[in-house]
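The exercises below ask you to read a protein model step by step. Keep the sequence and the 3D view open while you work, and try each task before you read its solution.

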Amino acid sequence: MLLQAEWVKTFWTAPLVHAAAWSLATIAFYLLAKRLYRRWPRWWLMPLAVAPALLMIAALALHESYGDYIRGTGWLVGMLGPATVAFAVPIYEQRRLIRRHWPLLLAGMTVGSITAVASSWGLAWLFDLDAALRLSLLPRSISTPFAMEMAGEIGGIPDLTAVFVVITGVFGAATGEIVLARLPLRSALARGASLGVAAHGAGTAQAHRIGQTEGAIAGLTMVLVGLMNVSLAPILARMVN
Amino acid sequence: MVRRTSVLTRRFFRRSALLQIGLVAAFWFLGDWLGRRTGLPLPGGVIGLFLALVVLHVRGLPVVTMKRGADRLLADMLLFFVPAVLAVLDHGELIGLTGVKILSVIVISTLAVMVVTALTIDVCYRWTERHAAAS
C-alpha cells in the first residue's frame, strides 16, 4: 500500500506528467465553464471567473502552489503571444473603418488612459494604500507584458501588477457587456474601444464575442494603448516620484 | 511564397486551422526574436502583429491563409488568461482589508475607464456624423 502510494507520488511529480495533468485540467475546466456560460449567460458564470475558481479549489485541495501550477501551464499563458498576432486579421479586415475614424479612436485612447492612471492614483490615495501598491496599480488596464514593463519603470512591483491586470481583465470582461448596454451608444467603435482600453486582452476577447467590428477595434486599441503607456512611462515616473 | 505553390497546397492551407495557427505562431516567434535581437522594449506578440499587418498590407500573403487560425485563437483567447488568475494564490496579502481596498480601486477605476472611453468616442462619433451630414 505504502509502496503504491510512493509510486503514485513519483509518477505524479514527474514534470511532464504533472504539466500534462494541470494543462488538461485547465483546458477541461475552461471548456466546462464555457459550456455553462453558453447555457446560463450570467456575468458571474463567465468562464474567466468560473474556470480559475474551480482550479483554485483543486490546487488548494491538492496542496499545490502557484509556482508548481504555472510551471506546468505557463505555455498556455505563452499562447497570448500568438493570440496577439492573430489580431492582425480583424484589424486588417477593418482597415477602412479604422482609417476613417482614427482621430476618434486616438481621442478615446488618450482620455481613457488618463482616466485609468488618474483614477487609480486618486482612489489609491483616498484609500491610503502605500506607495508600492499605489504604483503597482497604475498600469493595470494595459495588457500584462506592457504593464509589467511599465510597473518596473515607474517603481511598482511587476509581480503584483500582473495580478491586478488579471483582476481588471476579469472584472472588465465580466461587466463590460452590461455596462455598455446601459450607455446610450450609437457606434460599435465606442463599445470596442471601451473594452480594449479598460480591460485589455480579456475585454478584447469579450468584445470579439459581441461582434466582429467591436473585436477588431478592441484589439487595435488594446495594442495601441499599451504602446502609448509604455512610451509615456518615463514621463509618468518623473511625475509620481 | 504561398501564391506560387500549387493550388492543392493552397487549398489545404485555407482549410487547416492548425496549420494557420502555426503560421500565426511563426510571426510571433519572429517578432520575439527581433525584439530580443534589437532590444526593443516591446512584447514579441506586438512586433509579430505589426509584421503580420505589413505582410497582409503588401499582399505578401492573402488574408485567407491566416483567417481560420486567427479566428480560432481569438475565440478561445480567454483560456490563455486562466492560469494567470491563479497568481492570486501566492498573494495572501490581497486577502483582508488591503484586498478590499485594492479591489475597490480596480472596480471603480475600470468602470470609470469603460464609461469615459465609450462616451468620449460616441460623442465625437455623433459630432462627426452630424458634421458630415450638414456639409
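**Exercise 1. Find how many cavities of 30 Å³ or more there are, and describe the lining of the largest cavity.**

Solution. The model is predicted, and the search in it gives 1 cavity of 30 Å³ or more. The space in the largest cavity comes to about 40 Å³. Its lining is made up of Gly112(A), Ser113(A), Ala116(A), Val117(A), Leu138(A), Pro139(A), Ser141(A), Ile142(A), Val197(A), Val225(A) and Asn229(A). The next step is to assign these residues to elements: α7 (95–126) and α12 (212–240) of chain A are the ones that contribute two or more residues to the lining. Of the elements, α7(A) gives the largest share, with 4 residues. Sorted by type, the lining holds 7 nonpolar residues and 4 polar ones, while no charged residue takes part.

**Exercise 2. Compare the spans of helices α11 and α2 of chain A with the spans expected for straight helices.**

Solution. Begin with helix α11 (residues 188–210) of chain A, whose 23 residues would span 33 Å in a straight helix at 1.5 Å a residue, whereas its end C-alpha atoms are only 10 Å apart. Next, look along the helix for a change of direction: α11(A) bends by about 145° at Ala199(A).

Now repeat the calculation for helix α2 (residues 15–39) of chain A, which has 25 residues and should span 36 Å at 1.5 Å a residue; because its end C-alpha atoms are 36 Å apart, the two values agree.

**Exercise 3. State how many residues of α11(A) are buried, and name the buried residues of α2(A).**

Solution. A residue counts as buried when its relative accessible area is under 20%. By this cut-off, 19 of the 23 residues of α11(A) are buried, so that the helix is mostly covered. In α2(A), the buried residues are His18(A), Ala19(A), Trp22(A), Ser23(A), Thr26(A), Tyr30(A), Ala33(A) and Tyr37(A).

A residue in another helix can be treated in the same manner. Ala216(A) belongs to helix α12 of chain A, and it counts as buried because its relative accessibility is 0%. To place Ala216(A) against a residue elsewhere in the sequence, take Pro52(A): the two are 164 residues apart along the chain, and their C-alpha atoms are separated by 26 Å.

**Exercise 4. Locate His200(A) and Arg59(B), and give the phi angle of each.**

Solution. His200(A) is part of helix α11 of chain A, and its phi is positive, about 35°, although the residue is not a glycine. His200(A) also counts as buried, because its relative accessibility is 1%. Arg59(B), in turn, sits in the loop between α3 (44–57) and α4 (64–75) of chain B. Its phi is near 60°, which is again a positive value in a residue other than glycine.

**Exercise 5. Summarise the secondary structure, burial and confidence of chain B.**

Solution. Counting the elements first, chain B has 6 helices and 0 strands, and from the N terminus their order reads α-α-α-α-α-α. Of its 135 residues, 41% count as buried. For confidence, the mean pLDDT of chain B is 85, and 89% of the residues score at least 70. The last step is to look at the separate elements of chain B, where helix α1 (residues 7–15) has the lowest mean pLDDT, 68, and helix α2 (residues 17–38) has the highest, 91.

How values were computed: Residues are numbered from 1 along each chain as its sequence is written. Chains are lettered from A and ligands numbered from 1 in the order in which they are written. This is a predicted model: local features need pLDDT of at least 70, side-chain atom pairs count only at pLDDT 80 or more; totals for chains, interfaces and linings use all residues. Side-chain values use heavy atoms; hydrogens and water are left out. On a 1 Å grid over the protein atoms alone, a cavity is a set of points where a 1.4 Å probe fits but cannot get out, and a pocket is an open set with protein on both sides within 12 Å along at least five of seven lines; lining residues have an atom within 4 Å of a point. Grid points are joined across faces, edges and corners, and a volume is the space filled by probe spheres set on the points. Ala, Val, Leu, Ile, Met, Phe, Trp, Tyr, Cys and Pro count as nonpolar, Asp, Glu, Lys and Arg as charged, and the others, Gly among them, as polar. The expected span of a helix is 1.5 Å times one less than its number of residues. The bend at a residue is the angle between axes fitted to the seven residues ending there and the seven starting there. Buried means under 20% relative accessible area, exposed over 50%, partly exposed in between (1.4 Å probe, protein chains only). pLDDT is the predictor's confidence in each residue, from 0 to 100.
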